[in-house]
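Student: Please take me through one part of this model closely. I would like to see the open sheet and what packs around it.

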Amino acid sequence: MDRAVVAYDGRPVLDGVSLRVDPAEVVAILGANGSGKSTLVKSALGLVPLAKGEVRLFGTPLRRFRSWHRLGYVPQRVGAGSGVPATVGEVVAEGRLARRGFLRFPSGADKRAVEEALTAVGLADRAREPVSVLSGGQQQRVLIARALAGAPELLVLDEPTAGVDAASQEAFAACLHHFVEQGGTVVFVAHELGPLRPLITRAVVVHHGEIIHDGAPPEPAGHHAEPGHDHVHPHASVEAPGLLGSA
């Protein structure tokens with residue numbers, strides 16, 4: 001992203017944000033509610049239009065980018081079934097569409113990719129069940145499996161563990177660890193880090209539409225936070241020398 005500006009009703013939500021993510025990085029986008037962190041990732045994917053600035057994906061300007069199979073996206077708090085009756089396996093199989101297209105029948109490779117993705121998130125035994133019977137945390141894992149099924153190089157996740165039970169958070173962290181070990185790149189929005197903290201190579205803190213920190217993950221608010229409850233204050237570590245961009 002280069003000097004990206006996003007405005008809603010004339011009010012800037014992102015104000016000249018520049019951000020580069022390199023291969024094999026695990027970047028956490030942090031900040032308080034309304035800080036602009038979700039808008040940052042949505043505008044990077046073309047889901048929210050830029051008023052000014054430019055986005056490049058894999059070196060290609062966003063307006064000309066067509067290799068969507070290289071990217072997996074998990075939106076924020078969207079039910080895996082989306083109101084349509086579907087099994088877990090059917091939802092995950094949607095992740096292969098960017099690779100095989102809508103008019104081709106699933107191949108053996110497609111089916112194996114779905115099985116591997118479900119195994120990665122710990123739901124291989126639920127493939128034939130309706131998504132609607134799963135818990136919220138399990139549905140989130142289905143969406144992550146759908147993204148993984150496409151064998152992306154980059155995973156973009158918007159608050160993947162928000163409102164998710166501890167078991168699903170741990171399963172997701174293990175899954176992400178495996179993806180990173182295979183050379184994958186990850187960008188995710190978070191309000192708290194929980195079991196994902198050990199995987200992070202870099203943290204970006206957004207505040208009032210600007211990046212105020214780009215570097216090591218800030219310490220959790222209060223150094224005695226219990227595991228899974230390391231709420232990150234948006235101003236954490238902002239006085240550390242050398243860690244800030246201009247605010």
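Tutor: Here is the sheet, then its helices, then the parts to read with care. Keep in mind that this is a predicted model.

Start with the strand order. Six strands make up the open sheet, arranged 7-8-9-3-10-11. Their pairing is mixed. Strand 7 (71-74) and strand 11 (210-215) are the edges, and each of them pairs on one side only. From one strand to the next, the twist averages 15 degrees.

Now look inside the sheet. Strand 3 (residues 26-30) and strand 9 (residues 185-190) run parallel, joined by five bridges. One residue to find here is Ala28, whose bridge partner in strand 9 is Phe188. As a rule, side chains in a regular strand alternate between the two faces of the sheet.

Next, the helices on the sheet. Helix 1 (residues 37-44) lies across five strands: strand 3, strand 7, strand 8 (154-158), strand 9 and strand 10 (202-207). Against strand 9, helix 1 runs at about 145 degrees. Helix 5 also packs on the sheet, where it touches strand 7 and strand 8. The direction of helix 5 makes about 165 degrees with that of strand 7.

Helix 5 has a helix partner too. Helix 5 (residues 136-149) packs with helix 4 (residues 108-120) at an angle of about 140 degrees, and their axes are 8 Å apart. The two helices are therefore oblique to each other. Helix 4 passes helix 5 in a right-handed crossing. On helix 4, the contact is made by Ala113, Ala117, Leu118 and Ala120. On helix 5, Ala145, Leu148 and Ala149 make it. By class, this contact has seven nonpolar residues, no polar ones and no charged ones.

A separate pairing lies at the start of the chain. Strand 1 (residues 2-8) and strand 2 (residues 11-17) run antiparallel, with five bridges between them. Tyr8 stands opposite Arg11 of strand 2. Two residues lie between the strands of this hairpin, and Asp9 takes a positive phi near 50 degrees.

Finally, confidence. The protein has a mean pLDDT of 83, and 82% of its residues reach 70 or more. Over residues 223-229 the pLDDT is below 50, and this stretch has four contacts beyond near neighbours in sequence. Residues 233-247 also stay under 50, with 25 contacts beyond four places in sequence. Where pLDDT is low, predicted coordinates should not be read in detail.

Definitions and conventions
Residues are numbered from 1 along each chain as its sequence is written. This is a predicted model: local features need pLDDT of at least 70, side-chain atom pairs count only at pLDDT 80 or more; totals for chains, interfaces and linings use all residues. Side-chain values use heavy atoms; hydrogens and water are left out. Axes are lines fitted to C-alpha atoms, for helices over the stretch in contact, and angles run from 0 to 180 degrees between N-to-C directions. Helices (H or I, at least four residues) and strands (E, at least two) are DSSP runs, numbered from the N terminus. Angles under 35 degrees count as roughly parallel, over 145 as roughly antiparallel, 65 to 115 as roughly perpendicular and the rest as oblique. A crossing is left-handed if the near helix is turned anticlockwise from the far one by less than a right angle, and right-handed if clockwise. Contact means heavy atoms within 4.5 Å. Ala, Val, Leu, Ile, Met, Phe, Trp, Tyr, Cys and Pro count as nonpolar, Asp, Glu, Lys and Arg as charged, and the others, Gly among them, as polar. Two strands pair if DSSP finds at least two bridges between them. pLDDT is the predictor's confidence in each residue, from 0 to 100.
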